[in-house]
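Let's work through a few short exercises together. Take a look at the structure first, then try each task before you read its solution.

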Amino acid sequence: MDCKFMLVENKYKFVYTQKIIMLEDNFVNKIKDDIYLFIKELSLYGIVLKDLCKSCPPYDVKNQLLNISFSLVENPNITNLIKKDRSLPIKRLSILTDKSPRFISKWENYLIAYYLIISNPQYNNIKNYLNIQATNIDLIESISNKSKLNSDSNEDNVISTALTLYDESQSNNLCTGILLISHRNRGIILNSYGEFIRIKLLDEPSSQIGLIVSGIKSKSLKLYRYSLSISIFVLIILSLIYLLLQNQISTTIILEANASLNISVNMMHKVTKVTPKDTNGKEISSSLNLTGKSINQSLELILNKGKELNFIEERSTIYIYINGNKLNKNDLSSCESFVKQNRIDARINNSGENHNINPQ
């Protein structure tokens, strides 16, 4: 770690205390131009505001990034490299700060954003909005009203009725900050303690850039994508299971009643295919669409159609042979009702278990 950096690595911090800022009458107009320039300069480094909203550093990390940014301003060699390459010299910065290259790389976007705000006098209005204080007890100062950190600020400090108040509700989902960009009722703000946040605006959708606005914190698109990915994955798995159950034949039913039919049933107890074994069976099956129907409903339709075509008459006998998974009582309830109502005999072999139904 560089000795100079050791002296300043914990000098500054964001403070979460109540804060009132007196704004100039033309604050919004001035900061609006600064914001447009800031966004454009970020783009030169390959950064867009939504990148900064994806992952917000925790409080201790944010303070580390703040102090690193201040140290960069005082290091002309690294500053020149940053301006030349439009990126951070990660390895060199890692040696300077004793932070891992992974840490620097992870928070590179926030580091560059803080560095630009602190180093460029053009962004003093943005910088003065941030609630930063020095931690040295002999040097306690507010960024917004001490000469060292505001040497380039305007001399005319015209007091306005415009106030910015630290909002304790920001610990919840309600956030307040300078509006950097907006579209309809959505926007991105920079709050007074250095966080770029995507919000749903509480004010009119036409909220002006540079205004202090409040809104409900929006979930990160990354979270939506994660949830969507999980949902899609689960849906695919369920679909595959459904297709497997739908196509896997578990039971075969052979029905003989002056017409012969072979009925294939899947593991969901739904008919997948009806194959006629003779002319009468073909005549029954051709007039019925049984695919996807339950066993109980299919047998009811087949028996009624057989009766309608006079293939099944009173006092006749029907035979049902079930191979594979045994059917339950509900699967054969319509068959039992038909038999009793039409006074016919039924001989059922349910996977080796014989069951006879006699007429009333």
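Two strands pair if DSSP finds at least two bridges between them. Keep in mind that this is a predicted model.

**Exercise 1. Decide in which sense strands β5 and β6 pair, parallel or antiparallel.**

Step 1: Find the two strands. Strand β5 covers residues 174–183, and strand β6 covers residues 186–190.

Step 2: Check the bridges. There are five bridges between β5 and β6, and the cut-off for pairing is at least two.

Step 3: Read off the sense. The pairing of β5 with β6 is antiparallel.

Step 4: Look at one bridge. His183 has Arg186, in β6, as its bridge partner.

**Exercise 2. Work out the order in which four strands close into a barrel.**

Step 1: Follow the strands around the barrel. The order is β5-β6-β7-β8, with antiparallel pairing.

Step 2: Add the twist. From one strand to the next, it averages 65 degrees.

**Exercise 3. For Asn258 and then Arg343, find the loop and the sign of phi.**

Step 1: Locate Asn258. This residue sits in the loop between β9 (249–256) and β10 (260–266).

Step 2: Look at its backbone. Asn258 is not a glycine, yet its phi is positive, near 55 degrees.

Step 3: Classify its surroundings. Exposed means over 50% relative accessible area. Asn258 has 56% relative accessibility, so it counts as exposed.

Step 4: Repeat for Arg343. The loop between α13 (333–342) and β13 (345–350) holds Arg343, whose phi is also a positive value near 55 degrees in a residue other than glycine.

Step 5: Classify Arg343. Its relative accessible area is 27%, so Arg343 is partly exposed.

**Exercise 4. Find out which side chain of opposite charge is nearest to Glu108.**

Step 1: Place the residue. Glu108 belongs to helix α8, which spans residues 108–119.

Step 2: Search for a partner. The nearest side chain of opposite charge is that of Arg86, 12 Å away.

Step 3: Compare with the cut-off. A salt bridge needs the atoms within 4 Å, and Glu108, although buried, has no salt bridge.

Step 4: List its contacts. Beyond its neighbours within four places in sequence, Glu108 touches Ser87, Leu88 and Ile90.

**Exercise 5. Describe the whole protein in a few numbers.**

Step 1: Count the elements. There are 13 helices and 14 strands.

Step 2: Consider burial. The protein has 360 residues, and 42% of them count as buried.

Step 3: Turn to the surface. About 19900 Å² is exposed, with 51% of it supplied by carbon and sulfur atoms.

Conventions: Residues numbered from 1 in each chain as written. Predicted model: local features only at pLDDT ≥ 70, side-chain atom pairs only at ≥ 80, totals over all residues. Heavy atoms only, no water. Buried < 20%, exposed > 50% of the residue type's maximum accessible area, 1.4 Å probe, protein only. Areas by Shrake-Rupley, 256 points an atom, 1.4 Å probe, with all protein chains shown as cover. Axes fitted to C-alpha atoms, helices over the stretch in contact; angles between N-to-C directions. Lys, Arg positive; Asp, Glu negative; His and termini not counted. Contact = heavy atoms within 4.5 Å.
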